[in-house]
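The following exercises are to be worked with the sequence and the three-dimensional structure at hand. Each task is followed by a solution in steps.

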Amino acid sequence: MRPPTSLKKEFLKKWIMGLQLCSSSKKEMSFLERKKAIKLSADVAMASARNATTRWSRALISNASKDDSNKGLVECILGPESESLKRASMSLVLCNKRNRSKKILRKSCSIRRARKSSSQMVMASSIAKRLVKKRTQVLKSLVPGGGSMSEFSLIEETLDYILSLRAQVDVMRHLANATELLNRK
Amino acid sequence: MSSRRSRSRQPGVSRISDDQIADLVSKLQQLIPEIRNRRSDKVSASKVLQETCNYIRNLHREVDDLSDRLSALLASTDTDSDQAAIIRSLLM
């Protein structure tokens, strides 16, 4: 993965682009509108800084593009690569539908198998497995696009997602502190 | 590693070994400050997953709080090019 500082630079560039677009298009924004714009620009900027190399970033971008009011912003931040990125995100959505039907079939088979085991040892390990399963489900709901990933890719994506989120939070915090300092002068 | 222990159920995809998954989980362990600071090697997978989810939720909340803060701060000062240039030079 790229060194964190270049990721932060990429993110900052795209985020500021998005912010400028928002403030130029609407002069009078309510607090909530502005906050949503800031958050959305930040999320999309971070996702596009990963250049569609990760599934979570593609899922985030495709979710953001679904809303018509966000489309202009998303396209501006994505820039010239927007067409190819959108195509990549679209293919992800189609892939999800195929995987879901396979999963339903697999689940129905495994439920039948689980009822047979009854010994103590197997109980303990099956409880542990169920915990892991439950926690994995929660993690899938937190990582964008997580619903259609295998366990392995989910963990890989989580690693990348956490690193990106951390970089995003760092940059946002620095900007907030700097703006506060500037406003005081 | 017997084939029965393999977790991958997709035909045609190379079997992901338990070692690879354990490797990823340990990497995840390194990232999460809660677990890293506790200095114990034996952390169960479900604990790692739980702390990961909590960590991600915290990060989401921080992004939300920072967006709130920035929204209030930027209300008075528009992000015109001058300010953006100053901030960019401060951060790089």
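**Exercise 1.** In which helix of chain A do A:Phe11 and A:Trp15 both lie, and how many residues apart are they?

*Solution.* The model examined here is a predicted one. Step one is to locate the two residues: A:Phe11 and A:Trp15 both belong to helix H1 (residues 4-25) of chain A. Step two is to count along the chain: they are four residues apart, about one turn of the helix.

**Exercise 2.** Classify the aromatic pair formed by A:Phe11 and A:Trp15, and state whether each residue is buried or exposed.

*Solution.* A pair of aromatic rings is described by the distance of the centres and the angle of the planes. A search of the whole structure, over all chains, yields two aromatic pairs. One of them joins A:Phe11 and A:Trp15, with 5.5 Å centre to centre and 10° between the planes. Planes under 30 degrees apart count as stacked, and the pair of A:Phe11 and A:Trp15 is therefore stacked. As to burial, A:Phe11 and A:Trp15 are both buried.

**Exercise 3.** Identify the residues that touch the most other members of the largest nonpolar core, and the elements that supply this core.

*Solution.* The largest nonpolar core has 58 residues, and those touching the most other members are A:Phe11, A:Trp15, A:Met172 and B:Ile56. Elements of both chains supply at least two residues each, including H1, H2 and helix H7 (151-184) of chain A and helix H3 (45-76) of chain B. H7(A) gives the most, with 13 residues. Next, take B:Ile56: not counting residues up to four places away in sequence, B:Ile56 touches A:Leu139, A:Leu142, A:Val143, A:Thr158, A:Tyr161, A:Ile162 and A:Leu165.

**Exercise 4.** Why does A:Arg34 count as buried?

*Solution.* First, place the residue: A:Arg34 is found in helix H2 (residues 31-49) of chain A. Second, apply the cut-off: A:Arg34 has a relative accessible area of 16%, and buried means under 20%, so A:Arg34 is buried. Third, consider A:Cys22, 12 residues away along the chain: its C-alpha atom is separated from that of A:Arg34 by 8.2 Å.

**Exercise 5.** Describe chain B by its elements, burial, contacts and surface.

*Solution.* Chain B has four helices and zero strands, so that the order from the N terminus reads α-α-α-α. Of its 92 residues, 34% count as buried. Among contacts between residues at least 6 apart in sequence, 6% join residues at least 24 apart. The accessible surface of chain B is about 6,000 Å², and 46% of this belongs to carbon and sulfur atoms.

Methods
Residues are numbered from 1 along each chain as its sequence is written. Chains are lettered from A and ligands numbered from 1 in the order in which they are written. This is a predicted model: local features need pLDDT of at least 70, side-chain atom pairs count only at pLDDT 80 or more; totals for chains, interfaces and linings use all residues. Side-chain values use heavy atoms; hydrogens and water are left out. Buried means under 20% relative accessible area, exposed over 50%, partly exposed in between (1.4 Å probe, protein chains only). Rings of Phe, Tyr and Trp (its six-membered ring) pair if their centres lie within 6.5 Å; planes under 30 degrees apart count as stacked, over 60 as edge-to-face and the rest as tilted. A nonpolar core is a set of buried Ala, Val, Leu, Ile, Met, Phe, Trp, Tyr and Cys residues joined through side-chain atoms within 4.5 Å. Contact means heavy atoms within 4.5 Å. Accessible areas come from the Shrake-Rupley method with a 1.4 Å probe; for residues, only the protein chains shown count as cover.
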